[in-house]
Amino acid sequence: MPHITLDYSANLEPHVDIADLCDTLRRAAIDTGVLPLAGVRVRAFAATHVSIADGSDKHSYIDISVRLRAGRGLDTRKRATAHIFEAARTYLEPTMQTLPLALSFEMRDIDPELSPKCGTIRDHLTKVDTND
């Protein structure tokens, strides 16, 4: 793990390549050096019905949520948060200069005792990362 989820207002789709943003966040997560390659999953969900600030249909948002298995220290999580958030902010900066866009980010731990896992992705990677 981690699981990175983007919840975003659908009105961004003409302005932001969401698939490319997902890939940018995947690469940023791996670049932190503390999140395992085999565990990184990024997905995005468009909210088709939103009401933001004064109700203008020009307003938009992207909320990024990172859930990861507990066990990393606060300083490590802070560095990873800063790195991934900065990748998102940099990617979205041109859009933010022309559209009203709110960008938010949250990283939180998952209790490993309450989150069973299984899978075969590691078995199919060219380069296996054994970190959990």
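**A chat about two helices**

Reader: Hi! How many residues does H2 have, and what is its reach?
Author: Hi! In this predicted model, H2 has 25 residues and reaches 35 Å from its first C-alpha to its last, close to the 36 Å expected at 1.5 Å a residue.

Reader: Cool. Where does the kink in H2 lie?
Author: Look at leucine 92: the kink there is about 55°. Proline 94 follows shortly after that kink.

Reader: And which residues of H2 are buried?
Author: Leu92 is one of them, along with Ala80, Ile84, Ala87, Ala88 and Thr95. What covers the buried residues of H2 includes H1, S3 and strand S4 (101-110).

Reader: Switching to H1, then. How many residues does H1 have?
Author: H1 runs over residues 18-31, which makes 14 residues. From first C-alpha to last, H1 reaches 20 Å, close to the 20 Å expected.

Reader: Which H1 residues are buried?
Author: Those are Ile18, Leu21, Cys22, Thr24, Leu25, Ala28 and Ala29. Seen down the axis of H1, they fall within an arc of 160°, so the buried residues line one face of the helix.

Reader: What do the buried residues of H1 pack against?
Author: Three strands, S1 (3-9), S2 (41-47) and S3 (60-69), and also helix H2 (74-98).

Reader: What about the other side of H1?
Author: There you'll find Ala19 and Asp31, which are exposed.

Reader: Last one: what's going on at the start of H1, and just after H1?
Author: At the start, a side-chain oxygen of aspartate 17 comes to within 3.3 Å of the backbone nitrogen of alanine 19. Just after H1, glycine 33 has a positive phi of about 80°.

How values were computed. Residues numbered from 1 in each chain as written. Predicted model: local features only at pLDDT ≥ 70, side-chain atom pairs only at ≥ 80, totals over all residues. Heavy atoms only, no water. Helix = DSSP H or I, 4+ residues; strand = E, 2+ residues; numbered from the N terminus. Expected span 1.5 Å × (residues − 1). Buried < 20%, exposed > 50% of the residue type's maximum accessible area, 1.4 Å probe, protein only. Arc of directions from axis to C-beta. Contact = heavy atoms within 4.5 Å. Polar contact = N/O pair within 3.5 Å; in protein donor to acceptor, adjacent residues only side chain to side chain. Bend = angle between axes of the 7 residues up to and from the residue.
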